[in-house]
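This briefing covers ring pairs, charged pairs and confidence. The entries are grouped by topic.

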Amino acid sequence: MNELEIYEKLKKIFSIVMHTENNFDQDPSEIYLKDLGVNSIGLVYFSIAIEETFKIDMSDVTFNTFKNVQDVIDYIKERA
């Protein structure tokens, strides 16, 4: 799976979890997770959705480890 495919799936997850129509049409390295305004429960939902969507285990990392969306993409790409 390439980075664009991962990013497209992540955008859908972000939209569902955040209940927003923001389409994240910018460089993933410029979308900082701390600026998304997601609380700790939202981060749990993100992790679960990512695990289910990409069939990976994220138990070795916390979402706070990631600085931006590109970090998440890189993590998924290494494990998917």
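The side chain of E3 is partly exposed, at a relative accessible area of 32%. E3 meets K77 in a salt bridge, with 3.5 Å from N to O. The model is a predicted one, and its protein chain has a mean pLDDT of 88.

**Salt bridges**

- Five salt bridges are present in the structure.
- In the bridge between K77 and E3, K77 belongs to helix α3 and E3 to helix α1, so the contact ties together parts that are 74 residues apart in sequence.
- K77 is partly exposed because its relative accessible area, 42%, falls between the 20% and 50% limits.
- A salt bridge also forms between the side chains of K34 and D35, at 3.9 Å from N to O.
- Both residues of that bridge, K34 and D35, are exposed.
- D60 and R79 form a salt bridge through their side chains, at 3.6 Å from N to O.
- D60 sits in the loop between α2 and α3 while R79 sits in helix α3, so this bridge ties together parts that are 19 residues apart in sequence.
- D60, E78 and R79 are joined into one network by salt bridges that share partners.
- D60 has a relative accessibility of 53% and therefore counts as exposed, the cut-off being over 50%.
- R79, the partner of D60, is partly exposed, with a relative accessible area of 36%.

**Aromatic pairs**

- The count of aromatic pairs is four.
- The ring centres of F14 and F46 are 4.8 Å apart and the planes stand at 85 degrees, so this pair is edge-to-face; the angle that decides this is over 60 degrees.
- F14 lies in helix α1 (residues 3–18) and F46 in helix α2 (residues 40–54), and the pair links distant parts of the chain, 32 residues apart.
- F14 and F46 are both buried.
- A further edge-to-face pair is made by F63 and F66, because their planes are at 80 degrees, with the ring centres 5.4 Å apart.
- F63 has a relative accessible area of 6%, so F63 is buried, the limit being under 20%.
- F66 is likewise buried, at a relative accessible area of 8%.
- Ring pairs connect F14, F46, F63, F66 and Y75 into a cluster.

**S47 and its contacts**

- S47 is a residue of helix α2, the helix that also holds F46.
- With a relative accessible area of 17%, S47 is buried.
- When neighbours within four places in sequence are left aside, S47 is in contact with M58 and F63.
- One of these contacts, F63, is a member of the aromatic cluster.

**Confidence**

- In the protein chain, 94% of the residues reach a pLDDT of 70 or more.
- Confidence is lowest in α1, with a mean of 90, and highest in helix α3 (residues 69–79), with a mean of 96.
- Helix α1 carries E3 as well as F14, whereas helix α3 carries K77 and R79.
- Predicted coordinates should not be read in detail where pLDDT is low.

Technical notes: Residues are numbered from 1 along each chain as its sequence is written. Side-chain values use heavy atoms; hydrogens and water are left out. Rings of Phe, Tyr and Trp (its six-membered ring) pair if their centres lie within 6.5 Å; planes under 30 degrees apart count as stacked, over 60 as edge-to-face and the rest as tilted. Helices (H or I, at least four residues) and strands (E, at least two) are DSSP runs, numbered from the N terminus. Buried means under 20% relative accessible area, exposed over 50%, partly exposed in between (1.4 Å probe, protein chains only). pLDDT is the predictor's confidence in each residue, from 0 to 100. A salt bridge is a side-chain nitrogen of Lys or Arg within 4 Å of a carboxyl oxygen of Asp or Glu. Contact means heavy atoms within 4.5 Å.
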